[in-house]
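Let's work through a few exercises on how the pieces of this fold sit together. Have a look at the model first.

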Amino acid sequence: MQSPFVVISRVPGLRIILFKRLSSIVNDVESMHKTFRDSIAALDTVDRGQHGLLVDLRDGPMRNDPQFEGAFMTYAQRLYGEFAGIAVLAKTSVGKLQLSRFAKMVNIDMTVFDDEGEAIHFLTELLSKPR
């Protein structure tokens with residue numbers, strides 16, 4: 001799935017789904033909601049319990065306005081729920097703190113990284129353990 005704001009793909013050779021936020025700015029509420037709905041539809045095509053999710057937010061603009069936070073709260077469980085593990089990539093320390101706060105707000109277990117290799121290693125190790 002690809003939109004002006006998000007690309008969702010499989011990491012070749014691994015049971016990891018990559019959710020990559022692009023640098024385009026979402027200027028209106030309907031585009032934000034459409035992006036969340038389309039992303040959920042794309043993620044619903046995989047067996048979440050058998051896959052890890054790598055969320056790469058490094059290129060995306062930081063948002064903490066009430067409009068975005070409200071939309072995120074509405075869709076977070078449907079976006080990220082039921083994956084075997086979630087690793088999130090952030091570019092800055094402030095971004096890492098914001099993501100940790102969001103994770104607590106929506107009660108989603110995710111680990112935040114600034115290194116893609118470490119994030120993939122984390123998910124690969126997690127997926128190799130018997131459930």
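Below are three exercises, each with a worked solution.

This is a predicted model, where local features need pLDDT of at least 70, side-chain atom pairs count only at pLDDT 80 or more, and totals for chains, interfaces and linings use all residues. Residues are numbered from 1 along each chain as its sequence is written, and side-chain values use heavy atoms, with hydrogens and water left out.

**Exercise 1.** Work out the strand order of the open sheet and find its edges.

*Solution.* Start with the order: the five strands run β1-β2-β3-β4-β5, with mixed pairing (strands are DSSP runs of E, at least two residues, numbered from the N terminus; a pair needs at least two DSSP bridges). Next, β1 (6-10) and β5 (111-113) each have a single partner strand, so one side of each has no neighbour in the sheet. Finally, the twist averages 20 degrees from one strand to the next.

**Exercise 2.** Decide whether strand β4 (residues 85-89) is enclosed or open.

*Solution.* Take one face: Gly85, Ala87 and Leu89 are buried (under 20% relative accessible area, 1.4 Å probe, protein chains only). Now the other face: Ile86 and Val88 are buried too. That makes five of five, so β4 is largely enclosed by the rest of the structure.

**Exercise 3.** Find how β3 (residues 52-56) is joined to β4.

*Solution.* Count the bridges: there are five, and the two strands run parallel. Then pick out one position: Leu54 stands opposite Ala87 in β4.

Note on methods:
Buried means under 20% relative accessible area, exposed over 50%, partly exposed in between (1.4 Å probe, protein chains only). Helices (H or I, at least four residues) and strands (E, at least two) are DSSP runs, numbered from the N terminus. Axes are lines fitted to C-alpha atoms, for helices over the stretch in contact, and angles run from 0 to 180 degrees between N-to-C directions.
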